[in-house]
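Have the viewer ready and the selection box at hand. We will go from one stop to the next, and at each one you can select the residues and look around.

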Amino acid sequence: MQFIFQSQGGIAMRPGRTQPLTLTRRALGTRLAGVAAAIGFGNGAAASTMATPVPVLDPDLRDAALRGLALAGYRGDPVTAAAANAAIERLSRTDPEGALLARIYQMLDVRPAQYWPENVPEAAAADLATLHATIRACQPVAFGYTDLSGNETARTVLPLALVHPPQGVKLLAWCEEREDFRQFFVRAIRGLTPRSGNFGEDRLALLEGLLEKEAWRV
């Protein structure tokens, strides 16, 4: 499977890319730079080079910790924000996927849209459970979708992450119909159905492309 991502430097082919991009400037401080490793982030070959083996976190606990790091910059404390950025920078060397997710969460978990309807229904709990499971399994999903203009379409996507801005829970995904990254309000999804397949080998490259696109939009 191959994907073409548009970045500020042009179009680049990224088939099964395994090396992370340089995503941020050097962290502003080093306090708590080892927090991510100390609480158990990291796996694979990078983690095996550490002097003391670090246990892999439960996936739910790992995700909660990543979201906590992402929110540190919104607490009005520059020291805490710098420490969180330092931890994410350190994390990029031991758990590249975790660092990418933390940066994506920094931008999209709290950034509101310019407009969204009032009194809209919440996302269905069953759909959220399915999306959490398929994201973790790197499994494609198909669904019907109604956009804010009332247009209905059928989509097949590679689900990458869920974010929780004020206007409602969103799925971030690679859309096969649009051949690009798209955001979907989970409340507007109908007939969510897991599909066969596994895009695990492409997940890191997809997250890199998603982060590049969102960084360009900011």
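Start by selecting Glu 214, which has a relative accessibility of 2% and so counts as buried, the cut-off being under 20%. This is a predicted model, so keep that in mind at every stop. Glu 214 belongs to helix α7, residues 203-217. Which side chain does Glu 214 meet in a polar contact? Show Gln 183 as well: the two side chains are joined by a contact of 3.2 Å. Now add Ile 104, which is 110 residues from Glu 214 along the chain, yet their C-alpha atoms are 7.9 Å apart.

Next, select strand β5, residues 170-175. How many of its 6 residues are buried? The count is 6 of 6. Colour the two faces separately if you like: Lys 170, Leu 172 and Trp 174 are buried on one side, and Leu 171, Ala 173 and Cys 175 are buried on the other.

Now bring in the neighbours of β5. Strand β4, residues 152-163, runs antiparallel to β5 and is joined to it by 6 bridges. To see one of these pairings, pick Leu 162 and its bridge partner Leu 171. The two strands make a hairpin with 6 residues between them, and Gly 168 in that turn has a positive phi of about 135 degrees.

On to β6, which also pairs with β5 in the antiparallel sense, over 6 bridges. Here, Ala 173 has Arg 182 as its bridge partner. This hairpin has 4 residues between its strands, with Glu 179 in the turn at a positive phi of about 50 degrees.

Time for the rings: the structure has 4 aromatic pairs. Select Phe 143 and Phe 184, an edge-to-face pair with 5.2 Å between centres and 80 degrees between planes. Why does this pair tie together parts that are 41 residues apart in sequence? Phe 143 lies in strand β3 (residues 141-146) and Phe 184 in strand β6 (residues 180-185), so the pair links those two parts. Phe 143 and Phe 184 are both buried. Trp 174 and Phe 181 have ring centres 5.1 Å apart and planes at 80 degrees, so they too are edge-to-face. Trp 174 and Phe 181 are buried as well. Add Tyr 145 to see a cluster in which ring pairs link it with Phe 143 and Phe 184.

For the last stop, look for charges over rings. Arg 67 lies over the face of Tyr 105, 3.9 Å from the ring centre. Arg 187 has its charged end over the ring of Phe 185, 4.1 Å from the centre.

Conventions:
Residues are numbered from 1 along each chain as its sequence is written. This is a predicted model: local features need pLDDT of at least 70, side-chain atom pairs count only at pLDDT 80 or more; totals for chains, interfaces and linings use all residues. Side-chain values use heavy atoms; hydrogens and water are left out. Rings of Phe, Tyr and Trp (its six-membered ring) pair if their centres lie within 6.5 Å; planes under 30 degrees apart count as stacked, over 60 as edge-to-face and the rest as tilted. Buried means under 20% relative accessible area, exposed over 50%, partly exposed in between (1.4 Å probe, protein chains only). A charge sits over a ring if NZ of Lys or CZ of Arg is within 6 Å of the ring centre and within 35 degrees of the ring normal. A polar contact is a pair of N or O atoms within 3.5 Å; within protein, one must be able to donate a hydrogen and the other to accept it, and residues adjacent in sequence count only if both atoms are side-chain atoms. Two strands pair if DSSP finds at least two bridges between them.
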